[in-house]
Amino acid sequence: MIQQPVLEQTQQKGKSQLYNILVADSMSKEGLAPLLSNENVNCVEKKVDEVEDLSVYDALLVRSATTVTPELMDQMKNLKIIARAGVGVDNIDIDAATKRGIVVVNAPEGNTISTAEHTFAMIMSLARKVPQATMSIKNGEWNRKGFQGTELRGKTLGIVGFGRIGTELSKRAKGFEMSVLVFDPYLPTSRAEELGVTTADLDELLSKADIITVHTPLTKDTKGLLGMENIAKTKKGVYLINCARGGIIDEEALEHYIENGHVAGAALDVYEEEPATNHKLLAHEQVIGTPHIAASTKEAQLNVAAQVSEEVVNFLDGLPALNSINLPTMSKELYETIRPYYELTKKMGDILSQVMKTPVQEIDVQYGGEVADLDTSVLTRALMAGFLSHRVDAPVNDVNASLIAKERGIIFGEKYLTNTVGYSNLIKATVQGEGRTFTIQGTFVKEYGPRIVRINDFNVDFYPTGHLIYIQHSDKPGVIGKMGQLLGEHNVNIATMQVGRQQEGGDAIMMLAVDKEVTDEVVKDLTSIEEITYSDKIEL
Ligand SMILES: NC(=O)C1=CN([C@@H]2O[C@H](COP(=O)(O)OP(=O)(O)OC[C@H]3O[C@@H](n4cnc5c(N)ncnc54)[C@H](O)[C@@H]3O)[C@@H](O)[C@H]2O)C=CC1
Ligand SMILES: O=C(O)CCC(=O)C(=O)O
């Protein structure tokens with residue numbers, strides 16, 4: 001039973017602690033059983049603005065309705081853990097929690113099936129115009145001609161983002177005899193084969209799919225992924241679905257293509273701004289919508305509430321949190337010593353992820369010189385966090401990086417580097433992907449900061465920050481001129497440039513620092529220069 005509001009600070013009860021827990025959003029009572037039946041827990045179910053004294057609570061449980069701001073955390077002076085009964089933690093200020101040493105946990109698996117099923121309900125509703133026909137008959141009409149639909153059998157479903165929800169959706173689509181095409185740059189081929197799905201690059205998926213549904217996290221890379229340019233590449237008459245996060249399908253672009261008839265229909269459960277009341281897209285007959293309820297089933301709510309309740313009880317009892325997405329800050333002393341290398345390894349991971357936009361099997365990190373005497377596991381986790389932050393939804397940090405890497409089948413290890421080639425400290429990281437390996441080496445130079453000193457077999461020396469362009473090319477006269485002219489035509493100003501080669505006329509690399517972020521088009525145009533074999537942008 002939910003107990004009465006707590007008025008006193010956490011106290012000793014016999015030998016054990018009595019914990020005060022605030023459940024601020026509506027949650028399954030059955031799921032909350034591990035809390036409600038625990039005699040060491042005093043559980044209050046109230047919205048935060050209805051609570052008189054927030055300072056007594058040890059734990060805060062939320063769904064998406066409560067926004068957990070730094071100001072709220074400051075009022076909850078005793079708070080040790082915030083638990084999100086669901087996947088997305090965009091309503092919680094993770095950095096503010098981490099700075100205050102508050103652990104944040106979520107329940108990543110509990111609502112997967114419900115969300116996949118809701119997405120399928122959206123697909124069927126679009127194909128058979130169920131919501132529109134319902135509106136019509138409720139208005140007293142008997143219109144048997146206005147709602148001609150389309151069969152799903154034989155149609156191609158394009159799934160963008162093939163994680164937990166995408167995978168479950170593909171199983172359901174196959175039951176309806178649909179073909180499934182999947183785009184997920186981080187999906188290992190072996191996993192796709194295991195699940196019996198056909199992978200494609202984004203352009204191929206866009207041009208072949210009859211129905212396209214997105215199931216990626218909302219990141220810098222996925223925001224507006226289906227925008228003006230990419231929707232234009234889809235088949236005329238395509239159906240688009242977003243049950244992931246508002247903004248992955250750009251709402252302006254969607255409206256444009258709905259209005260000109262290119263997109264036959266769209267289904268939305270999530271919106272760029274929520275709550276989305278009187279949304280302009282929903283005024284269109286072809287657009288159907290639900291108010292962010294893909295995970296609102298009895299089962300999903302029970303699962304997520306049970307998962308976080310158990311997590312909170314364990315954590316307060318001193319056990320490690322299973323689905324932690326942050327970490328209480330490390331000791332100040334350790335922080336000061338390790339901090340320069342920490343920043344370097346995080347950036348090295350960040351760079352590696354951006355130049356290896358392919359599935360990755362293994363990451364190997366070697367430490368030489370002074371840095372090898374420190375707790376390098378902290379640094380390896382920072383590198384993994386930098387690497388994974390481009391690929392997953394939740395904030396990745398040193399606590400959860402290893403768990404996420406394991407979930408994604410990435411093996412990582414540490415070795416001792418014997419030869420530091422004259423540097424007082426040297427860190428070497430090698431990423432092994434499908435048919436490609438990439439190595440970078442970095443050092444921390446006192447007074448100067450972090451430097452990247454080698455890329456694959458080429459010596460370089462650059463400061464890992466800002467807007468960078470990485471180019472592989474053959475060492476022939478005139479390449480630099482052609483590259484400079486092309487960037488000039490795109491109004492891109494080169495700030496600094498590093499060139500590395502092993503021998504005259506052989507393979508070479510360039511690392512350019514430019515004054516603004518370049519577009520994907522510029523990166524692609526660079527490879528139209530005959531001598532350039534590869535180019536990529538790196539944003540740090
Ligand atoms: N509408 C709702 O109520 C719910 C929405 N969600 C949202 O659904 C999304 C997916 O959830 P899960 O499948 O559990 O996550 P997941 O982490 O298992 O899968 C996400 C997949 O997206 C892929 N990905 C990342 N960046 C990509 C890119 N640029 N292009 C293509 N693929 C990319 C990842 O490799 C991964 O396989 C999350 O954003 C989550 O917040 C989840 C539950 C309920
Ligand atoms: O029902 C909810 O709490 C929202 C679910 C959701 O969007 C998520 O888990 O990411």
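This short presentation covers the domains, ligand surroundings, nonpolar cores and unusual backbone points of the structure shown above.

Good morning, colleagues. Please bear in mind throughout that this is a predicted model.

I begin with the domains. The assignment divides the chain into four: domain 1 (19-108 + 299-322), domain 2 (112-289), domain 3 (330-460) and domain 4 (466-540). Between the C-alpha centres of domain 1 and domain 2 the distance is 33 Å.

I turn now to the ligands. Around ligand 1 there are 34 residues, and those that come nearest are Gly88, Gly161, Gly163, Ile165 and Ala294. Two elements, helix 4 (112-128) and helix 6 (164-175), give two or more residues each to this shell. Helix 6 contributes the most, with three residues. In terms of class, the shell comprises 15 nonpolar, 12 polar and seven charged residues. Where does ligand 1 lie with respect to the domains? Both domain 2 and domain 3 give residues to its shell, so ligand 1 lies between them.

Ligand 2 is surrounded by Arg63, Ser64, Gly86, Val87, Gly88, Asn111, Ala295 and Ser296. Here the division is two nonpolar, five polar and one charged. Gly88, then, appears in the surroundings of ligand 2 and is also among the residues that come nearest to ligand 1.

Helix 6 merits a closer look. Its 12 residues reach 18 Å from the first C-alpha to the last, close to the 16 Å expected at 1.5 Å a residue. The buried residues in helix 6 are Ile165, Gly166, Thr167, Leu169, Ser170 and Ala173. One of these, Ile165, was named a moment ago among the residues nearest to ligand 1. The cover over the buried residues of helix 6 includes helix 4, strand 7 (156-160), strand 8 (179-183), helix 7 (189-195) and strand 10 (211-214).

Next, the interior. In soluble globular proteins, nonpolar side chains tend to be buried together. The largest nonpolar core in this model has 91 residues, of which Ile21, Leu60, Leu61, Ile82 and Leu240 touch the most other members. Helix 11 (residues 298-316) is the element that gives the most to this core, with seven residues. At least three residues of the core come from each of domain 1 and domain 2. As an example, leucine 61 touches Ile21, Val23, Ala24, Met27, Ala83, Ala85, Val308 and Val312, leaving aside residues up to four places away in sequence. A second, separate core has 48 residues, including Leu383, Leu426, Ile469 and Leu512.

Helix 11 itself has 19 residues and spans 27 Å between its first and last C-alpha, close to the 27 Å expected at 1.5 Å a residue. Among its buried residues are Val308 and Val312, both of which are touched by leucine 61.

I close with the backbone. Most residues other than glycine have a negative phi, and most peptide bonds are trans. Which residues depart from this pattern? Glutamate 177, in the loop between helix 6 and strand 8, has a positive phi near 60°. With 11 C-beta neighbours inside 10 Å, glutamate 177 counts as exposed. Asparagine 278 likewise has a positive phi, of about 55°, and its place is in the loop between strand 12 and strand 13. Asparagine 278 is exposed, having 6 other C-beta atoms within 10 Å. Proline 275 is also placed in the loop between strand 12 (263-268) and strand 13 (287-289). A cis peptide bond, with omega about 0°, joins glutamate 274 to proline 275.

Thank you for your attention.

Terms used. Residues numbered from 1 in each chain as written. Chains lettered and ligands numbered in written order. Predicted model: local features only at pLDDT ≥ 70, side-chain atom pairs only at ≥ 80, totals over all residues. Near = placed C-beta within 6 Å. Helix = DSSP H or I, 4+ residues; strand = E, 2+ residues; numbered from the N terminus. Nonpolar A, V, L, I, M, F, W, Y, C, P; charged D, E, K, R; others polar. Domains from an automatic or database assignment. Core = buried A, V, L, I, M, F, W, Y, C linked by C-beta atoms within 7 Å. Buried ≥ 20, exposed ≤ 12 C-beta atoms within 10 Å, placed from the backbone. Contact = placed C-beta atoms within 7 Å. Expected span 1.5 Å × (residues − 1).
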